[in-house]
Amino acid sequence: MTPSHPTPLPPDLATRLCEPAGAPEGVHSVEALADLWLAEHLSDDGDPEEASWSDLCVFELDAHPEVLLAFCLRALRKASNAWQVGLLAAGPLEELICTHGADVIDRIEDQARRSARVRYALTGIWSQNIEDEGLRARIEAARSEAMEAGLDTGAPLPPA
């Protein structure tokens, strides 16, 4: 389900990251941030020690779980390859679940029921990092259908 209008970035985040000199122009919505993040992560050819502007911005979204969830879902829908989904799964999506899982698990489960791509992304999360056993079990159940053709198997990216 795609929103009919852009989801604005939280005002504090826009002030800290979107307005300083050097910030990309026009990145004031979750959709624009997801598109930029995906463009900057097309392949494994960047410097892993060098965080991009979009990486720093996504890191800051951790204080805004609803916005981070919207970012993750947009990026998953728009990803063009398994590399991008793997980065998303092992980074922002895993952080969202580990930090705010109780607040977002119902929506993640709903999205996993509807989308093979979400199930595929959930296979890239290290469930041992999820401290809450009940939450871990729910993630395991949500991704179970995709485990045999998940990220670690080298299976192709499911259609969006």
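C98 is partly exposed, with a relative accessible area of 34%, where buried stands for under 20%, exposed for over 50% and partly exposed for the range in between, taken with a 1.4 Å probe on protein chains only. The model is predicted, so local features need pLDDT of at least 70 and side-chain atom pairs count only at pLDDT 80 or more, while totals for chains, interfaces and linings use all residues. Residues are numbered from 1 along each chain as its sequence is written, and side-chain values rest on heavy atoms, with hydrogens and water left out.

The closest cysteine sulfur to that of C98 belongs to C72 and lies 12 Å away, too far for a bond. The structure holds 0 disulfides, a disulfide being a pair of cysteine sulfur atoms within 2.5 Å.

| Cysteine | Relative accessible area |
|---|---|
| C57 | 0% |
| C98 | 34% |

C57 is one of the buried residues of α3, together with W53, S54 and V58. Seen down the axis of α3, these buried residues fall within an arc of 130 degrees, so they line one face of the helix; the arc is that of the directions from the helix axis to the C-beta atoms. Helices here are DSSP runs of H or I with at least four residues, numbered from the N terminus.

C72 is among the buried residues of α4, which also include P65, F71 and R74. In α4, 10 of the 14 residues are buried, and what covers them includes α2 (30-40), α3 (53-60), α5 (82-114) and α6 (116-122), contact being heavy atoms within 4.5 Å.

Technical notes:
Helix = DSSP H or I, 4+ residues; strand = E, 2+ residues; numbered from the N terminus.
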